[in-house]
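Biologist: I am new to this structure and should be grateful for a close look at one part of it. Please choose a single element and describe how it sits among its surroundings.

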Amino acid sequence: MTQWFLQDISIGENLRRLRENAGYSQAQLTAKLRLTGSNMSRSTYSKIETGSRNIRISDLIALKLIYEVDFSEFFIGLIPDEN
């Protein structure tokens, strides 16, 4: 059974920030994802970054390993300030 995160708030901006900070193009990143067993295409990844497609949990885990970051990096700026 495939499990997805249903994004009611897009994490795409954070995904793009992480990718650009790592110096990867979308094509380079999806090539690295394929090495982890993902079958994600560049166009699918592009849709995830723009928030028009959800991301599979296994792909989010793979991105965490590729970028060597904590999961919190994917959610920076999404929690409104508590005043």
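Modeller: Helices (H or I, at least four residues) and strands (E, at least two) are DSSP runs, numbered from the N terminus. Read in that way, the chain follows the order β-α-α-α-β-α, with four helices and two strands. This is a predicted model, in which local features need pLDDT of at least 70 and side-chain atom pairs count only at pLDDT 80 or more, while totals for chains, interfaces and linings use all residues. Residues are numbered from 1 along each chain as its sequence is written, and side-chain values use heavy atoms, leaving out hydrogens and water.

Of the chain's 83 residues, 31% are buried (under 20% relative accessible area with a 1.4 Å probe, protein chains only; exposed is over 50%, and partly exposed lies in between). The element I have chosen is helix 1, residues 12–22. Its buried residues are Gly12, Asn14, Leu15, Leu18 and Arg19. Viewed down the axis, these buried residues fall within an arc of 165°, so they line one face of helix 1; the arc is that of the directions from the helix axis to the C-beta atoms. Glu13 and Asn21, on the other side of helix 1, are exposed.

The cover over the buried residues of helix 1 includes helix 2 (26–35), helix 3, strand 2 (55–56) and helix 4 (57–67). One of these partners, helix 3, spans residues 42–49, and its axis comes within 7 Å of that of helix 1, crossing at roughly 120°. Axes here are lines fitted to C-alpha atoms, for helices over the stretch in contact, and angles run from 0 to 180 degrees between N-to-C directions. The two helices are therefore oblique to each other, a term for angles that are not under 35 degrees, over 145 or from 65 to 115.

Contact means heavy atoms within 4.5 Å. By that criterion, Gly12, Glu13, Leu15, Arg16 and Arg19 of helix 1 meet Tyr45, Ile48 and Glu49 of helix 3. The residues of this contact comprise three nonpolar, one polar and four charged; Ala, Val, Leu, Ile, Met, Phe, Trp, Tyr, Cys and Pro count as nonpolar, Asp, Glu, Lys and Arg as charged, and the others, Gly among them, as polar.

Arginine 19 belongs to helix 1 and is buried, with a relative accessible area of 8%. Leaving aside residues up to four places away in sequence, arginine 19 touches Tyr24, Ser25, Gln26, Leu29, Tyr45, Glu49 and Tyr67. Finally, glycine 23, just after helix 1, takes a positive phi of about 80°.
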